[in-house]
Every structure is written in C-alpha cells, then in structure tokens.
Amino acid sequence: MRSRSALVNTLHRIDGRGYKAYQEIRGETRLDERTHLLVDHVQGDPFAAPSMVRVRVDREVPTPWTADRLRQVAVEDWFARRVARHVRSGRRAGSGKSGQVEVDAPGQEVLERTTVRLKPGAVEVRLKVGLPARGRSVLGRQAVTLLTEHVPDAVHAAIHTSPQDLNDLWHFVHTVENQAHLRAQLAERGLVAFVGDGSILPRESGISDRPMKDAIPFRWPEAESPRTVELSLRHPEGGSLRGLGLPEGVTLVVGGGYHGKSTLLEALQRGVYDHAPGDGRQTVVCRNDAVKIRAEDGRRVESVDISGFIQSLPSGHRTDRFRSDDASGSTSQAAALVEALEAGSTLLLMDEDTSATNFMIRDARMQALVAREDEPIVPFVDRVRELWDRFGVSTILVMGGSGDYFRHADAVVQMKNYRPIDVTDKARSLAGTERDEDAPSMAPPGVRVPRPEGLDPSRGKRSVKIDAPRDEELRFGETTVDLRALEQCVDRSQVRAIGACLHQLRRFMDGRPLPEVLDALESHLDVHGIDVLGGGSDVHPGDLARPRRQEVAAALSRHRGFRCRD
C-alpha cells in the first residue's frame, strides 16, 4: 500500500509521458488515516472506457443498517443515490474521457447493486474515472487533483450523514420494507397483486420512468367490492392501507383505448420490485415471480414444449421439442409462456396489444369456417382457466377488443379515465354460453437440460468479454442477445449482470434440468453476493444490479448459441 505523497510523486513523475504510464498507479493508496483509494483497472487510452476506481472510507457501520439483507440493500441504494448527486460528472479539460467521473446511479427501482457496499467497519464506493490526458499524454497534475481531492471529497460528502440525512435514510428504508411487507401478504390473502389508493401509475413520458406530474391518482372506489382489500403496514407507525386486491385465478383489465389499462399492467409488472419514495408506485406490489408474456417475431426458440398451445404443424416439425431460428408471433408467445413456467412463474401478465391475435382467440365465426383439425393453435382463451385450475398459474390480462375471456374470469376491472371500476358481475352476465373448442388436456411442459458448449464468452483476444452497449442488448462474446421483449429488465446494470450470470450458469450445467441450474445460481449469489459476478469483492464490479432468475432464464433462451440435450 502506497502513501498519498507517493501517489502524488508518481503522478508528477509521469506527467507528460505516454498514457500507458498511468499503469503505475494501479493498486491501493492510503490518502489519509481513514480513506483508501484503490485503482483496479487503468484504461488503455483516453478514449477507452474509464478506469475503475474504488474509494473505501473507514467508518462505523451501525448494526441496524445491516440487520437483514433487505435493509442492507435499501441502505446501500440510498447511499448510491447520494454519491450520484455529489459526483460532478461530465467532461473536463483534456482529450477523450479526461476528468469524467461516473457512478452507476439507481433508477426508480431499489435493486441489489454493486455501486456502494457496506463492509465491516467501512463503506466502499465504486466509480469510473477518466484519467486526464492531453492527446495521449498523461496530465499528472490534473490527475493529482482528481484522484486525491475531487473524487474522495465527493465520496466523503455523500457518506457523511447529518441528523436530517438519517431521518431521510430511515424514511427510505421504511418505504422499501413496507413494500416487501405488502408483497409478503399477497399469498396468504389469496392475491397476486395489490394497488394501494393514491398510487401514481402514469409515467412522465415514453422514455422516462419518473411519475407524471398532475396525474390522476389511482383510487379504488367500491368499499363493498370483494376486490377491496386492506393490507397492514409495518413502518413507521403501522396501520393499514386500502386498495384494489387482484385475486388468484384469472383477472381481466378492460376498458376503452387510452383509459389506463396498459398503464395499470405496466405498474403491476414493475411491482415485482421495490420503488424509491416519490416514485408513485410504492404501494403497487405484485408476486415477485410474475412474468410479462408477449409475442416476439423472429426470436430463436430452443427445445421448448409448446404442444399445449401449438399442435401438429403442417411442416411436420415437433412441437414437444420445438426449435426455430425465426419463430412466428404465436409460436414465440407460446414459447415465452412455457419458458416462464419453467423458470418458476406462478403469475402471467399479458396485454392484447403485444400479443399474437391467433394465439389469444379464435371466435365462433372462425371456428365455423376453419375446422378444428385444420388449426394447430389451441388459443390461450382455451387454456387460461386450465392453467389456474390444474397448474396453479394465475393470469392478469389486458383485453379491450374481445369478450371471449369473460366466462373464465374471477375478476374484471374496468379502467375509465384512469379510475378503476369493478365490473365482474356485469361481465359474467354478458359472458354467454359459448363453449371452448375441444382440445386435449394440457400436459406439464417437458423439462430442458441445458448444455454449456454453445455459450462462448470469448471475443477477439479476450477469453471473457461481456457488455451491454444498450439497455435492451447484451453482447456475450461474439453473440448479441436481443432483450427488448424482457420488459421487466429495468436497468442496464441488470443486463450486464445477466451476461455475467450466463457465464456463471455454465459451471452448473452438469446434466441438471434448467430449473435446478437456476436454483444453483441463486444459491451461489445468495451465499457469495452479487460481487462474485464481477470477479469478487477485491476488484471493481461497480456497475451490476441483480436480475431475477426469470430474466436470466429468458436471456439464456434467446441466446442463439444455447442448446439443450435431446
């Protein structure tokens, strides 16, 4: 470990030399009696990805901050937000990324991430820093200011906590804990989701996840409705919260266009995560294994048993081990549904706007025109009830153009001007007496046993090269994985972590079925923490956020090199 003066002398000595001279500052520097600067990686040139730096500050970490996993995640997230506010990011004098300081800042969701870690007797902050250069020459004196003053001062300002700061911290923590407490009550109350009165569901814009200003608050008006639920709150003063409870089974969300149907579903699909105070969705919770299912033309499908939905294809291709490099809307949606069940989902979220029409319905006129034996698709309307009755899988479905699902629904909620109305009884009275087409009972989907050979993370001279150039795109070695259909992947840091998870999964692919492989990965992360995805706690995995097993499995299934044992 070097001293601060030794670091300063080194930077003065290499001033004006070629950029590779910055390699000399790798390692740990003790800046003062309680502040450590750790340079884990030095960028190759001023225009490359910034250098990876950690600042570790020795300070007491109060026991209540780490009382359990949920609380530690919340406290670390709160500090990460403060670091992002205190770090003055942006370009400074010099070439390339000179002087830039970046931190992996949280969004609206509170996720387990690697930006800030609470350690015994210390708080560690991970940053990316653009080391100053003129052309491709070292600017040593500017680097002294950046590394010994600007970066540590910003970290100290972020982790210093005044009494008012601590009040804000505990409000943040209690908000997160309340959401987890609400979510934990769903199963015991026979619910799959809950929307608290006063929630703000609309977002600022299509490219912003922040709450819309002057939006109409969600309010469930019918005190006598069986959908009216009160769930208890844990913090800070207890009490209860009233709102809409969506039951297990089949729930329809109906209404005219632009009245808030899809907005409600989008809030529910994000309800698998906790949200920061002020987001507006802090009292919208959903079972944490819920998966949004949609059609995805052109995706690859590997060995998925879609025979419950797609039977004997005219081409003669098997549907109990369906493979395709260019799946259609209906086959891709069937595959996504079965893959979600394989990953452990007990709640499916669907919107007719993003579904394949022929997968969802086949009305009486079409049944009369095209004989059952000439139609390989068993539409979802003929399976939705069976999924619940036989397999315990619930569905929340946005449907604005067909009443065929009325006869299967346990609850029907109409959205009108962003206000919900219970129309279950009326929908049942209109359901009619139509019968589903005769179709054999759906068998439990077959089990896939993954093979590791096709998951090659190497690129060029690098044995492992995994990155996320965009929010919805993963580059795993030479393979690009399109994640646009994974609407519950909410952070680019999750995409990076998914790539690292796919790399880790290979070690568990030893002849076990995919659900067991996913179990092994989750256990590995629970024991060792998500730092292990970046190589361990003694390097800089500062830009990862933990994904759900459902998104990891979905990304694996979309990797074009993924293969299963026959």
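**Helix packing, cavities and pockets**

The crossing of α11 and α12 is right-handed (the near helix is turned clockwise from the far one by less than a right angle; anticlockwise would be left-handed). The model is predicted, with local features needing pLDDT of at least 70 and side-chain atom pairs counting only at pLDDT 80 or more, while totals for chains, interfaces and linings use all residues. Residues are numbered from 1 along each chain as its sequence is written, and side-chain values use heavy atoms, with hydrogens and water left out.

Two packed helices are described by the angle between their axes and the distance between those axes. For α11 and helix α12 (residues 514–528), the angle is about 115 degrees and the axes lie 10 Å apart (axes are lines fitted to C-alpha atoms, for helices over the stretch in contact, and angles run from 0 to 180 degrees between N-to-C directions). Helices α11 and α12 are therefore roughly perpendicular to each other (65 to 115 degrees; under 35 is roughly parallel, over 145 roughly antiparallel and the rest oblique). Elements are DSSP runs numbered from the N terminus, helices being H or I of at least four residues and strands E of at least two. On the α11 side, Cys501, Gln504 and Leu505 meet Val517, Leu518, Leu521, His524 and Leu525 of α12 (contact means heavy atoms within 4.5 Å). Six nonpolar, two polar and no charged residues make up this contact of α11 with α12 (Ala, Val, Leu, Ile, Met, Phe, Trp, Tyr, Cys and Pro count as nonpolar, Asp, Glu, Lys and Arg as charged, and the others, Gly among them, as polar).

A second helix pair brings in charged residues. Helix α2 (residues 69–86) and helix α4 (residues 163–184) have axes that come within 9 Å and cross at roughly 135 degrees, and the two are therefore oblique to each other. The crossing in which α2 passes α4 is right-handed. From α2, the contact takes in Leu70, Arg71, Ala74, Val75, Asp77, Trp78, Arg81 and Arg82, and from α4 Asp165, Asp168, Leu169, Trp170, Phe172, Val173, Val176, Glu177 and Ala180. By class, the contact of α2 with α4 has ten nonpolar, no polar and seven charged residues.

Turning to enclosed space, the structure holds two cavities of 30 Å³ or more. On a 1 Å grid over the protein atoms alone, a cavity is a set of points where a 1.4 Å probe fits but cannot get out, a pocket is an open set with protein on both sides within 12 Å along at least five of seven lines, and lining residues have an atom within 4 Å of a point. Grid points are joined across faces, edges and corners, and a volume is the space filled by probe spheres set on the points. The largest cavity contains about 190 Å³ of space. It is lined by 18 residues, with Val291, Lys292, Leu486, Ala554 and Arg558 closest to its centre. Two or more lining residues come from each of β19 (291–293), α6 (329–342) and α13 (549–558), and α13 gives the most, with five. Nine of the lining residues are nonpolar, two polar and seven charged.

The second largest cavity has a volume of about 40 Å³. Its lining consists of Ser199, Leu201, Pro202, Ile216, Pro217, Phe218, Met415 and Tyr418, that is, seven nonpolar residues, one polar and no charged.

Among the open sites, the largest pocket has a volume of about 1300 Å³. Met52, Arg462, Lys465, Ile466 and Asp543 lie nearest the centre of this pocket, which is lined by 37 residues. Elements giving two or more residues are β3 (35–41), β8 (122–129), β27 (466–470) and α11 (492–505). Helix α11 supplies the largest share of the lining, five residues. The lining of the largest pocket divides into 15 nonpolar, ten polar and twelve charged residues.

About 1000 Å³ of space lies in the second largest pocket. Of its 31 lining residues, Gly206, Ser208, Asp209, Arg270 and Val490 lie nearest the centre. Strands β12 (203–205) and β13 (208–211) and helix α5 (261–270) each give two or more residues, and α5 gives the most, with five. Here the lining holds ten nonpolar, seven polar and 14 charged residues.

Finally, Glu487 sits in the loop between β29 (479–482) and α11. Beyond its neighbours within four places in sequence, Glu487 is in contact with Gln269, Arg270, Lys292 and Arg294. Glu487 and Glu551 are 64 residues apart in sequence, and their C-alpha atoms are 9.3 Å apart in space.
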